[in-house]
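User: I have a structure here and some terms I want pinned down. Can we go through them one at a time?

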Amino acid sequence: MNSFWKTRRIPLAWLLLSRQPLRLFVALAGICFAGILMFMQLGFRDGLFDASVTVHKLFDTDLVLMSPRSMSSISMSGFPRRRLIQTMAHDDVIGITPVNWNFLLWRNPETLSTRSILALGFEPSDPLLKDSRFAFKAKALNIRGRVLFDDLSRNEFGPVSKWFLEGRTVETEVAGKRVRVAGLVSLGPSFGADGNLITSRETFLNLSPSTPQGSIEIGLIRLKPYSDPEVVVTSLTKSLPNDVRVLTRNEFIEFEKNYWRTSTSIGFIFSLGAAMGFVVGCVIVYQILYSDVSDHLPEYATLLAMGYRLKTLLGVVAREGILLAIMGYLPAYASGQALYALVRNATKLPVQMDIDRAVLVFSLILVMCMGSALLAMRRLVDADPAEIF
Amino acid sequence: MNLPSKEISPAVDIRGLNHWFGNGETRKQILQSISMQIEPGEVVLLTGPSGCGKTTLLTLIGALRKVEDGDLIVFGHQLRGSLRKNRQRLRRQIGMIFQGHNLLRCLTAEQNVQMGSDLLRGFSYSERRNQAREWLKVVGLEDQMNKLPHDLSGGQKQRVAIARALAARPKLLLADEPTSALDSSTGREVVDLLKRLARNQSCSVLMVTHDPRILDVADRLLKMEDGRLIPPVR
Ligand SMILES: Nc1ncnc2c1ncn2[C@@H]1O[C@H](COP(=O)(O)OP(=O)(O)O)[C@@H](O)[C@H]1O
Ligand SMILES: [Mg+2]
């Protein structure tokens, strides 16, 4: 503290910036714009990837059994249900849930237009979702032709939840067959699916007659507490024939994300968008700092003539960079939060401000400002104290 | 003449100083075998026609330019062949007042003066700020402390510049036509002030001027023509 007061000097960097409000405003607007662009693009990118696994994350499971021919949630292949039952032989396995998974056509009960919806079929007495209230709701599925509708489904499926909550009987057609909504669940639309419904295995097979009797698309496997999923995966993979794959829950989620990451240009497009923001920000900050140094060159030369070191002056420019980064980041962060909320409401995409992205964008802005400051510093070398008399 | 030291060594000791500008064909000698001394506390005025090399001499003494040929010793420090770092350190002991005031536009009068006292070591921030205020009081600007240079008159700006130069407690003050941008009565006041303050600090002054009305403040008057000092006619 003492040495701080001894070495403290006039805050030149701050005064240079704050006494030129217009220039400061332009610089901050540029940085803020770049920051918002990066927040939006990276947020969309991560949000879309996260959105591809909204349903995956909700399953009450430790391991997942899947056909090796399944490429993603929109192209799931079946495998023999026997395989899932075989896993029960393993000591650590304490429960299984066979799940059918297919896209079916849902008729909007209001407009009567049809739209593809993800349908999950399971035995209503089996655990399916982590949500503790789900088991109770699932009881309603014991009656044939009943479904649970995802109230986060996109509006194109009709005002189902609204009608249901008003106490109306909501009936519509799925795959041309009559169903009644027996309850609401909250899953959320994902990349491949605009909406979801859950039904019993019996109803599912009725709605999707092409699915063979003994075939399922995924098998959920629950393990004893404290057992190591990786170890169980290895031993199950060894014991089961190769017409199934065993994945941990995280691998299952990553598998889906990876499909969207590698087989679409989404990642590239949004990363490019963020890069554009970065470049635009760099150009603006560089312009501002460069002209700032140029405008004050005689003053910098005066300071050199007074006996200030070049290092001190370089420090002034560097500090301007840091100040700009901090002052530009804060409004960008706030705007990012607000826009994320807006996007969540409008698209139901799970776009969240997470700490990793907040840190990443700040680092990018800092690099942007410090890089520009470094380039602008080259101009300082032109400050010749001999030329100011 | 071979005695090793006088009673007090001069603040500035120049012997056979030559300086050129340009290269090859265009190389032109600006200073020709300049020799002179400035004693501590002495006020020396340098006059001469425009373009005769006065500013060049000042920048050399101020350690702002490399010495090419001859001896230039400031406070016992030989500037010929001196390292950039040493010249920069030496500059802290030399106050400079420019033709234009060269104040920092974004700093208030007080902050500008503190840029001078900030060069001093061993004082806390508030001590240095108080020193800056004291200096502004001394130059009669206690009411203008928080004004930006933009809002000050020419004479006031030059007084801030003097306060800034003195705030670093120099032992030598170099001034290049400090009154040229001022009207004559203001110029007179500024020069009187400069002389008085330098005396109080026992600081030597080398002032370049064209202004014939202020020549009488000098302890000694030097005339320059075509890069040479004209020997005083006795
Ligand atoms: N950086 C420079 N490069 C080349 N020539 C210069 C430079 N600075 C000054 N000169 C020349 O040196 C001469 C002396 O200049 P200067 O010392 O500024 O004169 P004064 O201050 O006496 O008017 C002038 O002829 C000028 O053109
Ligand atoms: Mg000149």
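User: What makes up chain A in helices and strands, and how many of each are there?

Analyst: Chain A has 13 helices and eleven strands. Helices (H or I, at least four residues) and strands (E, at least two) are DSSP runs, numbered from the N terminus. This is a predicted model: local features need pLDDT of at least 70, side-chain atom pairs count only at pLDDT 80 or more, and totals for chains, interfaces and linings use all residues. Residues are numbered from 1 along each chain as its sequence is written, chains are lettered from A in the order in which they are written, and side-chain values use heavy atoms, with hydrogens and water left out.

User: Why is chain B called as compact as a globular protein of its length?

Analyst: The radius of gyration is taken over C-alpha atoms, and the globule rule is 2.2 Å times the number of residues to the power 0.38. For 234 residues the rule gives 17 Å; chain B has 18 Å, which is close, so the label fits. The C-alpha trace of chain B spans about 50 × 40 × 40 Å along its principal axes.

User: What radius of gyration does chain A have, against that of a compact globule of 389 residues?

Analyst: Chain A has 30 Å, but a compact globule of 389 residues would have a value near 21 Å. The C-alpha box of chain A is roughly 95 × 50 × 40 Å along the principal axes.

User: What share of each chain counts as buried?

Analyst: Buried means under 20% relative accessible area, exposed over 50%, partly exposed in between (1.4 Å probe, protein chains only). By that cut-off, 49% of the 389 residues in chain A are buried. For the 234 residues of chain B, the share is 54%.

User: How many residues of chain A are in contact with chain B?

Analyst: Contact means heavy atoms within 4.5 Å. By that test, 28 residues of chain A touch 32 residues of chain B.

User: How much area do chain A and chain B bury between them?

Analyst: About 2900 Å², with 60% of it on carbon and sulfur atoms. Buried area is the accessible area (1.4 Å probe) that two parts lose on being put together, summed over both. A:I10, A:M306 and A:F389 supply 27% of what chain A buries against chain B, more than any other three residues.

User: Why are A:E299 and B:R105 said to meet in a salt bridge?

Analyst: A salt bridge needs a side-chain nitrogen of Lys or Arg within 4 Å of a carboxyl oxygen of Asp or Glu. The side chains of A:E299 and B:R105 come to 2.5 Å, N to O, so the pair qualifies. The count between chain A and chain B is one salt bridge.
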